[in-house]
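Trainee: I'd like to learn how to read a helical fold, one feature at a time. Could you walk me through this one?

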Amino acid sequence: MHDSQTDATILLWVLNRHSRFVDVSDKDMRQLIKSGLVPAIVSSLAHTQDQIKVAALEVIHNLFRTWDLEYDVGSLVLRCGILSHYGALLSHPNDAVRSEALHVLTFVCISERWLVREIITEGILGRVVDLLRNDPLTHDEAVYTLSQIVRKASPVQLLELIKHGAITLLLEELDSDGRVSKYEILMDIGAMLNHSEPYTADITSIIRECGGLASIVHLAGHGDEWEGDEAKEIIAKFFPSAQNETD
């Protein structure tokens, strides 16, 4: 007789063996890919049990940590339809599911720059922005995710980020007391500006208008050593007229 509970227990055991909280070698992950189980793991994101959703997300996170030229993990996971699950994952009532989904999305952006286009076109960017604005339980993870999206976006994609208010929201975090590193946010803002042509003037104008430049200037003079150095570099390169304000 078919026992769905037994199936779920077996699935959870398999997923937990490859969790990001387990010391799994690249060899183990390559074997997992070769086994053909990746589509089933991605499909597990729609499972009725929350612990299986979270476990599946943890395995997918580990897949993106498998640096092997033999496998294009991003393409593989995308072909399996991972992004089609993200609407439900990011609006899930369980904050553990939302948080782990954001964690994986952050790593997706770090590993696969080209997936930013899919994140925007699939409406996922808007959901990340909503979580940052309205969900204190996953706020910090949403900041990490948005920061990587901003860093990896192409110049044309930056225009979409502007429409969603993503850049302004990220700059506001420079004045917050959250646990997200202001140095990392500054690094990502600097990386965004470095590849923002031909829209650099538009973006620097937005940074001025929303008060972001004032926050950067403040960190240049009053942040820690790393924050100060990164803020001064951004000012020197993109806001030279504000340099006297940091002296």
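Mentor: Gladly, and keep in mind that this is a predicted model. Let's begin with a single residue: Ser111 counts as buried because its relative accessibility is 16%, and the cut-off for buried is under 20%. Ser111 belongs to helix α7.

Trainee: Which residue is 46 positions from Ser111 in sequence, and how far apart are the two in space?

Mentor: That is Arg65, with 8.2 Å between the two C-alpha atoms. Ser111 also takes part in the contact between α7 and helix α4.

Trainee: How do α4 and α7 pack, then, and at what angle do they cross?

Mentor: Look at the axes. Those of α4 (residues 50-64) and α7 come within 9 Å and cross at roughly 15°. Angles under 35 degrees count as roughly parallel, so α4 and α7 are roughly parallel to each other. The crossing of α4 past α7 is left-handed. On the α4 side, the residues in contact include Val54, Leu57, Ile60 and Phe64, and on the α7 side they include Val97, Ala101, Val104, Phe107 and Val108.

Trainee: Is there a general idea that helps me read such lists?

Mentor: Yes. An α-helix has 3.6 residues a turn, so residues three or four places apart point the same way. Keep that in mind as you go through the contact residues of any helix pair.

Trainee: What angle does α7 make with α9?

Mentor: About 125°, with the axes 12 Å apart. That angle makes α7 oblique to α9. Here the contact is made by Arg98, Leu102 and Leu105 of α7 with Ile124, Val128 and Leu131 of α9. The crossing of α7 past α9 is left-handed.

Trainee: Where should I look for a helix that is mostly covered?

Mentor: Try α10, where twelve of the 14 residues are buried. This helix runs over residues 139-152 and reaches 20 Å from its first C-alpha to its last, close to the 20 Å expected. Its buried residues include Val143, Leu146, Ile149 and Val150, and also His139, Asp140, Glu141 and Lys152.

Trainee: What covers the buried residues of α10?

Mentor: The cover includes α7, α8 (115-121), α9, α11 (155-163), α12 (166-172) and α13 (182-194).

Trainee: Glu141 caught my eye in that list. Is Glu141 buried or exposed?

Mentor: Glu141 counts as buried, because its relative accessibility is 12%. This residue lies in α10. Setting aside neighbours within four places in sequence, Glu141 is in contact with Ser99, Leu102, His103, Thr106 and Arg179. Glu141 and Arg98 are 43 residues apart in sequence, while their C-alpha atoms are 9.3 Å apart.

Trainee: What about residues in loops? Where is His85 found?

Mentor: His85 is in the loop between α5 (73-79) and α6 (86-90). His85 counts as buried because its relative accessibility is 17%. Not counting residues up to four places away in sequence, His85 touches Val42, Ser43, Leu45 and Ala46.

Trainee: And how should I read peptide bonds?

Mentor: Most peptide bonds are trans. In this model, a cis peptide bond joins Glu197 and Pro198, with omega at about 10°. Pro198 sits in the loop between α13 and α14.

Trainee: Which helices pack with their axes 7 Å apart?

Mentor: Those are α15 (residues 212-222) and α16 (residues 225-238), at an angle of about 135°. With that angle, α15 is oblique to α16, and α15 passes α16 in a left-handed crossing. Ile216, Val217, Leu219 and Ala220 in α15 meet a group in α16 that includes Gly228, Ala231, Ile234 and Ile235. Those four α15 residues are buried, as are Gly212, Leu213 and Ser215. The cover over the buried residues of α15 includes α12, α13, α14 (200-209) and α16.

Trainee: Let's finish with the whole chain. How many helices and strands are there?

Mentor: The chain has 16 helices and zero strands. Of its 247 residues, 51% are buried. Among contacts with a separation of 6 or more, 70% are between residues 24 or more positions apart. The chain exposes about 12,100 Å², and carbon and sulfur atoms supply 50% of that area.

How values were computed:
Residues numbered from 1 in each chain as written. Predicted model: local features only at pLDDT ≥ 70, side-chain atom pairs only at ≥ 80, totals over all residues. Heavy atoms only, no water. Helix = DSSP H or I, 4+ residues; strand = E, 2+ residues; numbered from the N terminus. Expected span 1.5 Å × (residues − 1). Buried < 20%, exposed > 50% of the residue type's maximum accessible area, 1.4 Å probe, protein only. Contact = heavy atoms within 4.5 Å. Areas by Shrake-Rupley, 256 points an atom, 1.4 Å probe, with all protein chains shown as cover. Axes fitted to C-alpha atoms, helices over the stretch in contact; angles between N-to-C directions. Parallel < 35°, antiparallel > 145°, perpendicular 65-115°, else oblique. Left-handed = near helix turned anticlockwise from the far one by under 90°.
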